[in-house]
Amino acid sequence: RRKKIDFDALRKIPILHVAARLGMHLVNKGGGNYAMKDEDTGRGESSLVLFTRSNRWERYSGKERGGCCKGSVIDLVMYMHDNSDLKSAVDFLSRI
């Protein structure tokens with residue numbers, strides 16, 4: 001018997017909590033927006049931005065990984081885990 005997944009509850013997990021668990025390093029842009037530090041180039045910040053007010057994120061450029069480049073915390077986990085599957089993302093978020 002399968003356990004019912006409460007996707008609404010998972011989507012309500014604060015995006016900054018998810019980012020911390022993902023090990024993301026962030027730069028405060030003000031207004032509740034945070035950009036991920038660009039560890040690869042050392043240029044300061046990347047084009048991946050978290051929006052705390054809407055609890056969503058978007059990547060504005062560098063879409064080299066393919067797949068989803070914006071969305072909920074579920075999509076963020078899949079993106080940061082190299083486009084892992086939904087089940088893996090749900091398992092990760094269920095442990096937060």
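This is a short tour of one protein chain, with something to select at each stop.

**The whole chain**

Start with everything shown. The model is predicted. Colour the chain by confidence: the mean pLDDT is 88, and 85% of the residues reach 70 or more. Among the elements, helix H2 (residues 15-22) has the highest mean pLDDT, 97. Strand E3 (residues 44-51) has the lowest, 85.

Now switch to a cartoon view. Count four helices and five strands. Follow the chain from its start and the pattern reads α-α-β-β-β-β-β-α-α.

Next, turn on the surface. The chain exposes about 6200 Å², and carbon and sulfur atoms supply 47% of that area. Of the 96 residues, 36% count as buried. Contacts also link distant parts of the sequence: among those with a separation of 6 or more, 33% join residues 24 or more positions apart.

**Stop 1: the loop after H1**

Select Lys12. This residue sits in the loop between H1 and H2. Is Lys12 buried or exposed? Lys12 counts as exposed, because its relative accessibility is 66%, over the 50% cut-off. Now add Ser54 and draw a distance between the two C-alpha atoms. The gap is 9.7 Å, though 42 residues separate Lys12 and Ser54 along the chain.

**Stop 2: strand E1 and the loop after it**

Select Lys29, in strand E1. Its relative accessibility is 45%, so Lys29 counts as partly exposed. Show the residues around Lys29. Leaving out those up to four places away in sequence, Lys29 touches Tyr34, Ala35 and Glu45.

Move on to Gly31. This glycine lies in the loop between strand E1 (26-30) and strand E2 (33-38). Gly31 is partly exposed too, with a relative accessible area of 46%.

Now pick Phe51 and draw two distances, C-alpha to C-alpha. From Gly31 to Phe51 is 8.7 Å, with the two 20 residues apart in sequence. From Lys29 to Phe51 is 9.9 Å, with the two 22 residues apart along the chain.

**Stop 3: Asn55**

Select Asn55, in the loop between E3 and E4. Look at its backbone angles. Most residues other than glycine have a negative phi. Asn55 has a positive phi, near 60 degrees. Asn55 also counts as buried, because its relative accessibility is 14%, under the 20% cut-off.

**Stop 4: Arg59**

Step along to Arg59, in strand E4 (residues 56-59). Is this arginine buried or exposed? Arg59 is buried, with a relative accessible area of 12%.

Which side chain makes a polar contact with the side chain of Arg59? Ser47 does, at 3.2 Å. Show the other neighbours as sticks. Not counting residues up to four places away in sequence, Arg59 touches Met36, Ser46, Ser47, Leu48, Cys69 and Tyr79.

**Stop 5: Ser72 and helix H3**

Select Ser72, in the loop between strand E5 (70-71) and H3. Ser72 counts as buried, at 6% relative accessibility. Beyond its neighbours within four places in sequence, Ser72 is in contact with Arg11, Asn55, Arg56 and Trp57. Asn55 is the buried loop residue from stop 3.

Zoom in on the start of H3. There a side-chain oxygen of Ser72 reaches to within 3.2 Å of the backbone nitrogen of Ile74.

Now select the whole helix, residues 73-80. How many of the eight residues of H3 are buried? Seven are, so H3 is largely enclosed by the rest of the structure. Label the buried ones: Val73, Ile74, Leu76, Val77, Met78, Tyr79 and Met80. Tyr79 is also one of the residues that Arg59 touches.

Step just past the end of H3 to Asp82. Here is another positive phi, of about 55 degrees.

**Stop 6: the second largest pocket**

Finish with a pocket. Select Lys3, Lys4, Ile5, Asp6, Phe7, Leu10, Leu86, Lys87, Val90, Asp91 and Ser94, which line the second largest pocket. Helix H1 (7-11) and helix H4 (86-94) are the elements that each give two or more residues to this lining. Which element gives the most? H4 does, with five residues. Now look at the space between the lining residues. The second largest pocket holds about 220 Å³.

Definitions and conventions. Residues are numbered from 1 along each chain as its sequence is written. This is a predicted model: local features need pLDDT of at least 70, side-chain atom pairs count only at pLDDT 80 or more; totals for chains, interfaces and linings use all residues. Side-chain values use heavy atoms; hydrogens and water are left out. Buried means under 20% relative accessible area, exposed over 50%, partly exposed in between (1.4 Å probe, protein chains only). Contact means heavy atoms within 4.5 Å. Accessible areas come from the Shrake-Rupley method with a 1.4 Å probe; for residues, only the protein chains shown count as cover. A polar contact is a pair of N or O atoms within 3.5 Å; within protein, one must be able to donate a hydrogen and the other to accept it, and residues adjacent in sequence count only if both atoms are side-chain atoms. pLDDT is the predictor's confidence in each residue, from 0 to 100. On a 1 Å grid over the protein atoms alone, a cavity is a set of points where a 1.4 Å probe fits but cannot get out, and a pocket is an open set with protein on both sides within 12 Å along at least five of seven lines; lining residues have an atom within 4 Å of a point. Grid points are joined across faces, edges and corners, and a volume is the space filled by probe spheres set on the points.
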